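User: I am new to this structure and would like a close look at a single part of it. Please choose one element, then tell me what lies around it and which residues make its contacts.

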Amino acid sequence: MSAPPRELHLADETATAALAAALAATQPAWAAVHLHGDLGAGKSTLARAWLRALGVTGAVRSPTYTLVERYPLAEGGEALHLDLYRIGDAGELEFLGLDDSDARLWLVEWPERGLAALPRADLEVWLAVEGEGRHCRLHAATAAGAAWLAALDASRRVADLS
């Protein structure tokens, strides 16, 4: 996409939650997000805060062992949070029942392990430990992703994070 990546510094978990809330507030009606980063980079923290910002209540579990967790959304449909670290082949996703989902949001950790079986990402998020905080890079991978980043910029909700 022609939109340049956004580079942000997330000083702490509060800043990560603020980014998640801004992304949730500006996301399109349907979106796929691929979350990249080493173990401990903050992918699950961002996903958990994002789901909370969308109004998910109750336990927000890590899908490390279940591979996928489903969350009903107040506006209808569901959000899927996948952690593909433990799969060996994209074909294993066939057994997760994702084809019949009413997903409006896909949050996928370790997407490179299942790319052949996943929807194309609208937004790619890279997280890396940086001192006490995290470095975050947001990259639009589709036209919808570029429009999303433009809406995020216009919202000015992340201006203090960069």
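Analyst: Helices (H or I, at least four residues) and strands (E, at least two) are DSSP runs, numbered from the N terminus. Let us follow one of them, helix α1, which spans residues 13-26. This is a predicted model, in which local features need pLDDT of at least 70 and side-chain atom pairs pLDDT 80 or more, while totals for chains, interfaces and linings use all residues. Residues are numbered from 1 along each chain as its sequence is written, and side-chain values use heavy atoms, with hydrogens and water left out.

Start with the sheet beside the helix. Its 7 strands form an open sheet with mixed pairing (two strands pair if DSSP finds at least two bridges). Read across, the order is β1-β7-β6-β2-β5-β4-β3. β1 (6-10) and β3 (68-72) are the edge strands, and each has a single partner, so one side of each has no neighbour in the sheet. On average, neighbouring strands are turned by 20° against each other, direction ignored. Within the sheet, β2 (residues 31-36) pairs with β6 (residues 123-130) in the parallel sense, over 4 bridges. One of the residues involved is histidine 34, whose bridge partner in β6 is glutamate 124.

Now place the helix on it. α1 lies across β1, β6 and β7 (133-140), and runs at about 140° to β1 (axes are fitted to C-alpha atoms, for helices over the stretch in contact, and angles run from 0 to 180 degrees between N-to-C directions). Helix α3 (residues 143-155) also meets this sheet: it lies across β1, β2, β6 and β7, at about 130° to β7.

α1 and α3 touch each other too. Their axes are 9 Å apart, and the packing angle is about 120°. The crossing is right-handed. α1 brings Ala22, Leu23 and Thr26 to this contact (heavy atoms within 4.5 Å), where they meet Trp148, Ala151, Leu152 and Ser155 of α3. By type, these residues are 5 nonpolar, 2 polar and no charged.

Another partner of α1 is helix α2 (residues 43-53). The axes of α1 and α2 come within 8 Å and cross at roughly 50°, so the two helices are oblique to each other. Here as well the crossing is right-handed. From α1, the contact takes in Glu13, Thr16, Ala17, Leu19, Ala20, Ala21, Leu23 and Ala24. Opposite them, α2 offers Thr45, Leu46, Ala49, Trp50 and Ala53. This contact has 10 nonpolar residues, 2 polar and 1 charged. Leu23 is worth finding in the view, since this α1 residue is listed in the contact with α3 and in the contact with α2.

For a last close-up, turn to threonine 16, which lies in α1. Its relative accessible area is 7%, so threonine 16 is buried (under 20%, with over 50% exposed and partly exposed in between; 1.4 Å probe, protein chains only). Beyond its neighbours within four places in sequence, threonine 16 touches Leu10, Thr45 and Leu46. On the α2 side, the buried residues are Lys43, Ser44, Leu46, Ala47, Ala49, Trp50 and Leu51. After α2 comes glycine 55, with a positive phi near 95°.

Notes: A crossing is left-handed if the near helix is turned anticlockwise from the far one by less than a right angle, and right-handed if clockwise. Ala, Val, Leu, Ile, Met, Phe, Trp, Tyr, Cys and Pro count as nonpolar, Asp, Glu, Lys and Arg as charged, and the others, Gly among them, as polar. Angles under 35 degrees count as roughly parallel, over 145 as roughly antiparallel, 65 to 115 as roughly perpendicular and the rest as oblique.
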